[in-house]
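Here are some exercises on strands, sheets and helix packing, each with a worked solution. Try each task on the structure before you read on.

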Amino acid sequence: MVEVRLARVRKSFNSVLAVDDVSFTVAEGEFLALVGPSGCGKTTILRLIAGFERPDAGDILFSGRSVLALPAERRRVGMVFQNYALFPHMTVAGNVGYGLRFRPGSDRRARVAELLRLVDLAGLEDRSPAELSAGQRQRAALARTLAPEPQLLLLDEPLSALDAKLRERLRLEIRRLQRQLRITTIYVTHDQEEALAISDRVAVMNSGRIEQLGTPQEVYARPATAFVASFIGRGNLLSGEISEIESGKLVVRLLPQGPAVAVAAEATADCLPGEQVKFLIRPERIKLGAGLANRLRGRLKGVEFLGDAIWAYLDCAGNELRVKLAPGDLAVAEGEEVEVSFSPSDCYLLRHAARSP
Ligand code: ATP
């Protein structure tokens with residue numbers, strides 16, 4: 001097992017700053033997801049760690065030792081990509097055994113059999129990749145990557161070519177396998193739900209930088225920036241102006257012309273009346289009716305049916321509010337008024353995010 005540390009890593013391609021002063025540590029046996037929108041630098045970070053690119057500045061260390069002088073093939077890193085990259089002319093067993101071709105035949109066969117059992121492909125060793133389903137091909141690719149016993153596993157959008165059901169099943173399998181092998185893993189995805197579901201910790205990237213690194217629960221409940229709040233989960237990010245400051249609580253008048261709501265705040269000492277702030281309220285924390293302290297009236301603009309829930313979209317004095325409700329709970333028609341309420345303690349203040357560009 002290896003610990004991976006990036007220390008102030010920077011990488012540009014001509015005028016594009018792909019990775020901008022990035023530092024983080026992945027502990028031995030940890031599963032880190034790197035998540036962010038297209039072009040934010042995720043793949044470049046994996047390629048730097050694998051040794052396919054060299055940083056312009058900073059260092060990359062495996063268990064405390066810089067690997068910058070080591071070529072890719074000596075870093076003992078296994079990488080899985082979106083498009084399986086299996087050799088089409090070889091059988092499944094041939095593909096999985098490829099990285100073991102210098103080992104004695106009996107050793108190799110035993111290891112291939114073990115890996116195929118591990119990824120649930122036992123019995124398919126003589127098939128060609130063309131005779132496998134997409135999910136089976138990706139499992140074979142995973143087995144091939146794991147065969148030479150890499151100390152670090154890097155996965156770059158490994159499931160994005162698969163349909164939604166299969167993605168969910170395979171992500172569970174990848175997680176199970178990673179736990180069983182206790183291999184340090186970095187998993188790149190643009191799918192925030194996948195990142196939350198699969199990892200020990202999530203690094204949320206934007207424009208070459210890491211905006212927040214924390215457990216899935218932390219980045220969901222306590223986003224560090226407005227970008228994280230809007231990228232992770234479904235959130236209502238509301239803007240307002242502080243009109244009153246009380247201990248542990250702010251009264252915020254919603255912009256553009258909304259009513260005042262109370263927002264819980266741990267530290268109010270450096271808040272100023274008139275200051276603009278943003279706060280996050282999750283759709284599942286908003287209830288129908290006037291039962292909670294913050295009450296808003298809104299016009300129902302639309303409804304989306306999700307099966308076990310619905311999204312209701314309200315216009316509340318110029319703010320769009322997304323509310324998650326149980327099907328059948330909403331008795332009003334589109335265009336009609338509805339009252340909703342939420343608790344001040346479910347509002348998460350993002351003060352400094354409001355000032356950043
Ligand atoms: P995606 O999710 O779309 O794969 P990403 O987050 O993995 O995106 P990267 O592939 O790391 O993003 O790219 C980061 C930035 O660097 C992008 O603007 C990209 O166009 C640029 N870039 C990446 N590789 C190169 C390259 N070899 N030459 C020039 N620009 C590059």
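**Exercise 1.** Find how strand 7 (residues 152-156) and strand 8 (residues 184-189) run and how many bridges join them.

*Solution.* Strands here are DSSP runs (E, at least two residues; helices are H or I, at least four), numbered from the N terminus. Two strands pair if DSSP finds at least two bridges between them. Strand 7 and strand 8 run parallel, with five bridges. One register point to check is Leu153, whose bridge partner in strand 8 is Thr185.

The model is predicted: local features need pLDDT of at least 70 and side-chain atom pairs 80 or more, while totals for chains, interfaces and linings use all residues. Residues are numbered from 1 along each chain as its sequence is written, and side-chain values use heavy atoms, leaving out hydrogens and water.

**Exercise 2.** Place helix 5 (residues 164-181) against the strands it lies across.

*Solution.* Helix 5 lies across strand 3 (31-35), strand 7 and strand 8. Next, take the angle: helix 5 runs at about 140° to strand 3. Axes are lines fitted to C-alpha atoms, for helices over the stretch in contact (heavy atoms within 4.5 Å), and angles run from 0 to 180 degrees between N-to-C directions.

**Exercise 3.** Which strands stand at the edges of the six-stranded open sheet?

*Solution.* Write down the order, 6-7-8-3-9-10, with mixed pairing. Strand 6 (77-80) and strand 10 (209-214) each have a single partner strand, so one side of each lacks a neighbour in the sheet. Finally, neighbouring strands are turned by 20° against each other on average, direction ignored.
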